[in-house]
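Visitor: Before we begin, I would like to understand the reasons behind the words used for this structure. Could you take me through them step by step?

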Amino acid sequence: MMGYAAEPNPAPEAGTEKIAIFALPNGYPTHVARQVESGYWTSKLGTNVDIEHELHGLTGTRFGEVVMIMSRSLRGEVPATLALRFRAAGA
């Protein structure tokens, strides 16, 4: 899956992008959150609604619980957040 592999450690690591996959008790996947530099996780909850939260901050009946953390190396890549800031600055 685009260079991602299962990751047992949810702590932030320099040069690594991590995602958390949420699923309901029946295994149905409902949501994916991405870790940001601060160690918090970011989620898009609708049009123009982006939030930052703790890893288990969305756990409940709507999204289920975190069932897997995955990571990929960003070595040689520009993290998405930096690329967006660069474009927003007009460069």
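**Reading the terms**

Guide: Let us start with T42, which lies in strand 4, and keep in mind throughout that this is a predicted model.

Visitor: Why is T42 called buried?

Guide: The word buried is used for a relative accessible area under 20%, and because T42 has a relative accessibility of 17%, it counts as buried.

Visitor: What does T42 touch, leaving out residues up to four places away in sequence?

Guide: With those set aside, T42 touches A33, R34, V36, I51, E52 and H53. One of these, E52, is ten residues from T42 along the chain, and the C-alpha atoms of the two are separated by 4.4 Å.

Visitor: What makes the approach of the T42 side chain to the backbone oxygen of I51 a polar contact?

Guide: A polar contact needs a pair of N or O atoms within 3.5 Å, one able to donate a hydrogen and the other to accept it; the side chain of T42 reaches the backbone oxygen of I51 at 3.3 Å, so the distance satisfies that cut-off.

Visitor: Which strand holds H53, and why is H53 called buried?

Guide: H53 lies in strand 5, which covers residues 50-53. Its relative accessibility is 7%, and because buried means under 20%, H53 counts as buried.

Visitor: Which residues is H53 in contact with, and which side chain does it join in a polar contact?

Guide: Leaving aside neighbours within four places in sequence, H53 is in contact with A33, Y40, W41, T42, S43 and L58. The side chains of H53 and S43 are joined by a polar contact of 2.6 Å, a value that falls within the 3.5 Å cut-off.

Visitor: How do you know that strand 4 and strand 5 pair?

Guide: Two strands pair if there are at least two bridges between them; strand 4 and strand 5 have four bridges and run in the antiparallel sense, so they are called paired. Among the partners across these strands, K44 is bridged to D50, and S43 stands opposite I51. The two strands form a hairpin with five residues between them, and G46 in the turn has a positive phi of about 145°.

Visitor: What makes strand 3 and strand 4 a pair as well?

Guide: Strand 3, residues 29-35, and strand 4, residues 41-44, are linked antiparallel over two bridges; because at least two are required, the condition is met. Here Q35 stands opposite W41, and this hairpin also has five residues between its strands, with G39 in the turn showing a positive phi of about 100°.

Visitor: Where do these strands sit in the sheet, and which strands are its edges?

Guide: The open sheet has six strands in the order 1-6-2-3-4-5, with antiparallel pairing. Strand 1, residues 5-6, and strand 5 are called edge strands because each pairs on one side only.

Visitor: What is the pattern of the whole chain, and how much of it counts as buried?

Guide: Along the sequence the chain follows β-β-β-β-β-β-α, which matches its one helix and six strands. Of its 91 residues, 31% count as buried.

Technical notes:
Residues are numbered from 1 along each chain as its sequence is written. This is a predicted model: local features need pLDDT of at least 70, side-chain atom pairs count only at pLDDT 80 or more; totals for chains, interfaces and linings use all residues. Side-chain values use heavy atoms; hydrogens and water are left out. Buried means under 20% relative accessible area, exposed over 50%, partly exposed in between (1.4 Å probe, protein chains only). Contact means heavy atoms within 4.5 Å.
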